[in-house]
Amino acid sequence: MNRNAAMKISGLLMRQLRGEFLPRGGMVQIRHWSNMNTSSKTKEEQKTHNQPSHTDATNAAGDKAKKIVSYWGVDPPKISKEDGTPWKWNSFRPWETYSADISIDVEKHHMPTNFMDKFAYWTVQSLKYPTYLFFQRRHMCHAMLLETVAAVPGMVGGMLLHCKSLRRFEHSGGWIKALLEEAENERMHLMTFIELSNPKWYERALVFAVQGVFVNAYFIAYLASPKLAHRIVGYLEEEAVNSYTEFLIDIEKGLFENSPAPAIAIDYWRLPADATLKDVVTVIRADEAHHRDLNHFASDIQCQGHELKGYPAPIGYH
Ligand SMILES: [Fe+2]
Ligand SMILES: [Fe+2]
């Protein structure tokens, strides 16, 4: 076959291909055609995905916008509670819930002895007074702002330990997980309070500003001295315990309405169905006392010349 004949045949073949498979031309159509192999299977899967599950049914508003058409096979899990009713929370699962240990000593205090301890203690004290002045007895707003700050150190510390583990090719002793757990637990406190209160625009603006400063300040503090950073958080947690004790006193005195506990709190802390705000604040205070212990312990380990990785982290310490 000479060269001209070969070119004519290849030209004919190309026109044939364009006519059959690429009527409107271009790579987009080729990509579409490549997906056609899975279309018969995915149509069935998409039908299944589009059926409202129990989880969808309970998650009420906004579900129409959530329907995703995809052939990737990432099915939303169908999880039930122990009583067989559908699990309605996507952000945490039944095996992550727990009963708080409310027998923990809420008055424990680390006495500042050396310069670092005193620096950490007075840093927290100097932050505490303007906060108390600003919020006074508006406990719900105070708690919300506190939680937006309290959820930062665990994530920053966990991330920096994660990076250190990667850089040095070494284990962390479980401290990455323990700190990330703390951050998640603090965020659940916030998710609980947001069910009970609606922050005003200036409170949201304050959170925005405080986060901008605190994330960066804590990042630098943890890089410079992890033992100081953990000590500061230990004292912050002591103040969190104190402010929740004040909250409880005002609920008991009737100065603050003891409203029913939000559903998210009942499921997360395995509280009885008739639990109230007082029960919720009690378990949150217990969580803060555990965070206090964990952070003071982390600081103590390093103050005594050891590394965190050498001591098993208190994972699941609630
Ligand atoms: Fe908290
Ligand atoms: Fe805390």
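# A tour of the two-iron site and its surroundings

Select Glu186 and His189 first: both sit in helix H8, three residues apart, which is about one turn of the helix. The model you are looking at is predicted. Glu186 has 0% relative accessibility and therefore counts as buried. His189, also at 0% relative accessibility, is buried too.

**Stop 1: the iron ion (ligand 1)**

Now show the iron ion (ligand 1) together with Glu147, Glu186, His189 and Glu288. These residues provide its protein donors, at 1.9 to 2.5 Å. Glu147 is listed with two OE donors, Glu186 and Glu288 with an OE each, and His189 with ND1. Reading along the chain, the donor residues follow the spacing E-x38-E-x2-H-x98-E.

**Stop 2: the iron ion (ligand 2)**

Add the iron ion (ligand 2). Which residue bridges the two iron ions? Glu186 does, and the ions lie 3.9 Å apart.

Next, select Glu237, Glu288 and His291 along with Glu186. They coordinate the iron ion (ligand 2) at 1.8 to 2.6 Å, through OE atoms of the three glutamates and ND1 of the histidine. The sequence spacing here is E-x50-E-x50-E-x2-H. Two of these donors connect distant parts of the chain: Glu186 is in helix H8 (residues 175-193) and Glu288 is in helix H12 (residues 277-303), 102 residues apart. Are Glu186 and Glu288 buried or exposed? Both are buried.

**Stop 3: the largest cavity**

Keep His291 selected and add Ala178, Glu181, Glu182, His290, Leu294, Pro314, Gly316, Tyr317 and His318. Together with His291, these residues line the largest cavity. The space inside is about 70 Å³. Helices H8 and H12 each contribute at least two residues to the lining. By type, the lining divides into four nonpolar, four polar and two charged residues. In total, the model has three cavities of 30 Å³ or more.

**Stop 4: the nonpolar cores**

Hide the cavity lining and select Phe92, Phe193, Tyr244, Phe247, Trp269, Leu271 and Val281. They belong to the largest nonpolar core, which has 35 residues, and they touch the most other members. H7, H8, helix H10 (226-252), H11 and H12 each supply at least two residues of this core. Which helix gives the largest share? H12 does, with seven residues.

Zoom in on Phe193. Setting aside neighbours within four places in sequence, Phe193 is in contact with Met140, Ala143, Met144, Glu147, Tyr244, Phe247 and Ile284. One of these contacts, Glu147, also appeared at the first stop as a donor to the iron ion (ligand 1). Another core, of 19 residues, lies apart from the largest one; to find it, select Val149, Val152, Leu179 and Ala229, which are among its members.

**Stop 5: two loop residues**

Finish with the backbone. Most residues other than glycine have a negative phi. Select Phe169, in the loop between helix H7 (139-168) and H8. Phe169 is not a glycine, yet its phi is positive, at about 55°. Its relative accessibility is 79%, so Phe169 counts as exposed.

Then go to Arg270, in the loop between helix H11 (263-268) and H12. Arg270 also has a positive phi, near 50°. How exposed is Arg270? With a relative accessible area of 48%, Arg270 is partly exposed, because the exposed class begins over 50%.

Conventions:
Residues numbered from 1 in each chain as written. Chains lettered and ligands numbered in written order. Predicted model: local features only at pLDDT ≥ 70, side-chain atom pairs only at ≥ 80, totals over all residues. Heavy atoms only, no water. Donors = N, O, S within 2.8 Å, 3.2 Å for Na, K, Ca; no water. Helix = DSSP H or I, 4+ residues; strand = E, 2+ residues; numbered from the N terminus. Buried < 20%, exposed > 50% of the residue type's maximum accessible area, 1.4 Å probe, protein only. 1 Å grid on protein atoms, 1.4 Å probe; cavity = no way out; pocket = protein on both sides within 12 Å on 5 of 7 lines; lining within 4 Å. Points joined across faces, edges and corners; volume = space filled by probe spheres on them. Nonpolar A, V, L, I, M, F, W, Y, C, P; charged D, E, K, R; others polar. Core = buried A, V, L, I, M, F, W, Y, C linked by side-chain atoms within 4.5 Å. Contact = heavy atoms within 4.5 Å.
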